[in-house]
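Okay, thanks everyone for coming. Have the sequence and the structure up on your screens, and I'll walk you through them.

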Amino acid sequence: MDITALGEIHDELIAQLARGNESGAMDYLRSRFKDLPEEMQGEILAELYIDALNEESARIETIGKIQEQGVAALKVLEVLKAELKKEAGKTKA
Amino acid sequence: MKLEKLLLDEGRKEVRERALGRKLADSEHGLDEPEDLKLPDILTDPRKEKLFGELLQSTYPDEADGIFERLGNEQVTVDDLAKLNSARHDFSLKMAEAKRLGVGIDADDIGLMSHHNEEFQKFSSLVKEDKRTAELIQDHFYRVVMQGDTDTIDRLNEAQQKLQEVKSSKEYKKIEALAGRLKDKYGFEDKQYSILEEGYYTKKEFGGVRERIKSDYGFFRRFYDRYERIVTLGITSLSKRAAKREVKADLEDTRKMMREHFRSRGHGGIATFFKSRGALKVVGRIENAETPEGLKQHFEAIGGILAASLSKDDRIVQALAKEAQGGPKAEIIDNRPPKTWAEVQGKRSQMTEAQAVADLKKYLTKRRAEDPSFNPQTADRSSVVDEFMGERKSAYEKELPREGFFTRILIRLFGNFSNNMKPNLQQANVWT
């Protein structure tokens with residue numbers, strides 16, 4: 001492994017991050033991925049894999065939540081409809 | 001069970017606990033206990049030997065190199081043997097832990113994660129095969145466990161546990177059941193799903209096609225389209241027919257694939273027609289269930305009705321709608337203010353050989369000032385460099401934002417650089 005390449009990658013990542021350009025840092029890391037030792041490639045993939053796992057959980061959880069909320073809203077709708085009917089009944093009477 | 005066997009097992013447990021210097025958990029002894037690896041098993045397998053070396057380094061940082069050297073020269077001491085024995089027991093447990101962490105990370109998993117996560121996909125696509133990506137990740141977990149990196153282990157455990165929890169949710173099971181029906185009833189493989197999916201247009205997607213077509217109309221066509229729609233009570237219109245034609249052309253690939261699929265399974269024309277329709281219906285149900293966007297709109301529409309016509313107090317609706325705007329989303333990138341990273345700017349150029357040598361020179365001067373008996377010329381260079389690099393690394397870590405993807409990556413880069421630099425520093429012209 002070329003030590004100079006490690007230094008270059010490190011410095012450029014910090015430069016991008018210091019500018020607030022996180023997506024640029026990610027693109028740069030991707031462009032130099034093959035220059036990194038296999039161990040580091042594994043580390044990067046594992047980090048992203050853990051993030052992907054979390055995102056996948058959040059995605060499935062969101063679907064469930066929205067469904068639950070949809071059901072809750074329907075229940076509210078039913079109650080309000082019943083209330084309106086009652087009101088209408090009273091007015092007629 | 002015979003009494004002797006019980007006593008033997010009890011004795012074995014005591015031996016293991018004595019070697020480890022701690023009590024064994026229930027999962028570490030008994031039916032679920034991991035395979036007890038012997039030293040020759042470890043040292044004759046290059047991968048295990050490397051991992052064992054990492055474990056020994058993290059457990060006995062100052063002595064590991066010496067123990068290995070004496071082991072190679074067949075000059076091990078009783079103390080070395082005790083340490084090797086303890087490390088061997090620990091190694092067996094950690095190998096089992098690493099295996100457990102790596103379970104489920106296979107090529108299919110990588111494919112699924114790549115499909116759902118753009119950032120992960122960008123990187124995994126750089127590796128030729130998903131299988132290789134899975135191996136690289138698993139190898140990393142082995143090292144993480146051996147190095148005792150509890151932070152990463154905890155994060156992975158947490159993520160896996162969370163995923164299991166949500167996978168056991170009702171909604172997920174429903175989608176799973178529908179996907180299972182596509183396979184069991186209609187004989188489709190997972191890989192064919194993306195083609196099937198293209199063959200199903202949700203109402204929203206169809207509406208989008210129609211709107212696009214309409215946007216190209218001039219005044220008269222737009223007028224006629226509207227007129228026809230009113231006269232036919234929405235049954236047909238110029239744009240609706242054009243959208244249907246476009247969708248039909250789009251569906252041709254899917255229909256062709258389905259025709260071939262059902263014919264190859266020996267179905268006739270009529271059965272193929274009905275089976276295709278049935279399969280597309282299932283796809284529709286999956287698509288509608290799996291698309292949070294569609295569900296969100298459905299919910300918001302109900303909320304709209306509530307707010308507009310039934311209730312003047314829309315607080316409930318607002319609260320529900322707010323929650324429905326989106327669930328939690330895992331962030332890949334640490335979103336601390338850029339100011340924090342701007343402060344790290346000064347850490348640039350630290351990872352050069354010249355800088356590391358200059359820092360080592362300062363470190364040796366400091367050591368001499370602190371301890372007059374310290375003599376760099378006679379000191380064990382390997383140990384001194386290890387201590388120096390350890391101090392330098394922890395000082396570096398303190399300068400970075402505490403958490404986040406890039407913090408972790410930069411620390412790894414620094415660690416990798418340090419390991420590569422060690423031999424050069426031992427040879428550097430600063431010891432005399």
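So, H3(B) and H5(B) are oblique to each other, because the angle between them is about 120° and that falls outside the ranges for roughly parallel, roughly perpendicular or roughly antiparallel. The helices in question are H3, residues 46-59 of chain B, and H5, residues 78-102 of chain B, and their axes sit 10 Å apart. As for handedness, H3(B) passes H5(B) in a right-handed crossing. Who's touching whom? From H3(B) you've got Phe52(B), Leu55(B), Leu56(B) and Thr59(B), and they meet Ala87(B), Asp90(B), Phe91(B) and Lys94(B) of H5(B). Sort that contact by class and you get five nonpolar residues, one polar and two charged.

I should say right away that this is a predicted model. The overall scores are ipTM 0.70 and pTM 0.48. For chain B, the average pLDDT is 71, and 71% of the residues score at least 70. Then there's the start of the chain: residues 1-10 of chain B have pLDDT below 50, and that stretch has one contact in the model beyond near neighbours in sequence.

Which elements of chain B have the lowest and the highest mean pLDDT? The lowest is helix H16, residues 292-310 of chain B, with 34, and the highest is helix H19, residues 353-370 of chain B, with 88. There's also a stretch, residues 290-339 of chain B, over which pLDDT stays under 50. The model still has 79 contacts there beyond four places in sequence. Where pLDDT is low, though, the predicted coordinates should not be read in detail.

Okay, the chains as a whole. Chain B has 21 helices and zero strands. It has 432 residues, and 23% of them are buried. Look at contacts in chain B between residues at least 6 apart in sequence, and 67% of those join residues at least 24 apart. Chain A has three helices and zero strands, so to speak an α-α-α pattern along the sequence. Of the 93 residues in chain A, 42% are buried.

Back to chain B for another helix pair. Helix H20, residues 381-399 of chain B, packs with helix H21, residues 405-427 of chain B, at an angle of about 155°, and the axes are 10 Å apart. Why call H20(B) roughly antiparallel to H21(B)? Because the angle is about 155°, and anything over 145 degrees counts as roughly antiparallel. The crossing of H20(B) and H21(B) is right-handed.

On the H20(B) side, the contact is made by Arg381(B), Ser382(B), Val385(B), Met389(B), Lys393(B), Tyr396(B) and Glu397(B). On the H21(B) side, it's Ile411(B), Phe414(B), Gly415(B), Ser418(B), Lys422(B), Leu425(B) and Gln426(B). By class, the contact of H20(B) with H21(B) comes out as six nonpolar, four polar and four charged residues.

One last residue to click on: Arg212(B), which lies in helix H12, residues 203-215 of chain B. Buried, exposed or partly exposed? Arg212(B) has 13 other C-beta atoms within 10 Å, so it's partly exposed; buried would need 20 or more, and exposed would be 12 or fewer. Arg212(B) and Ala243(B) are 31 residues apart in sequence, and their C-alpha atoms are 9.0 Å apart in space.

That's my tour, thanks.

Definitions and conventions:
Residues are numbered from 1 along each chain as its sequence is written. Chains are lettered from A and ligands numbered from 1 in the order in which they are written. This is a predicted model: local features need pLDDT of at least 70, side-chain atom pairs count only at pLDDT 80 or more; totals for chains, interfaces and linings use all residues. pLDDT is the predictor's confidence in each residue, from 0 to 100. Helices (H or I, at least four residues) and strands (E, at least two) are DSSP runs, numbered from the N terminus. Two residues are in contact if their C-beta atoms, placed from the backbone, lie within 7 Å. Axes are lines fitted to C-alpha atoms, for helices over the stretch in contact, and angles run from 0 to 180 degrees between N-to-C directions. Angles under 35 degrees count as roughly parallel, over 145 as roughly antiparallel, 65 to 115 as roughly perpendicular and the rest as oblique. A crossing is left-handed if the near helix is turned anticlockwise from the far one by less than a right angle, and right-handed if clockwise. Ala, Val, Leu, Ile, Met, Phe, Trp, Tyr, Cys and Pro count as nonpolar, Asp, Glu, Lys and Arg as charged, and the others, Gly among them, as polar.
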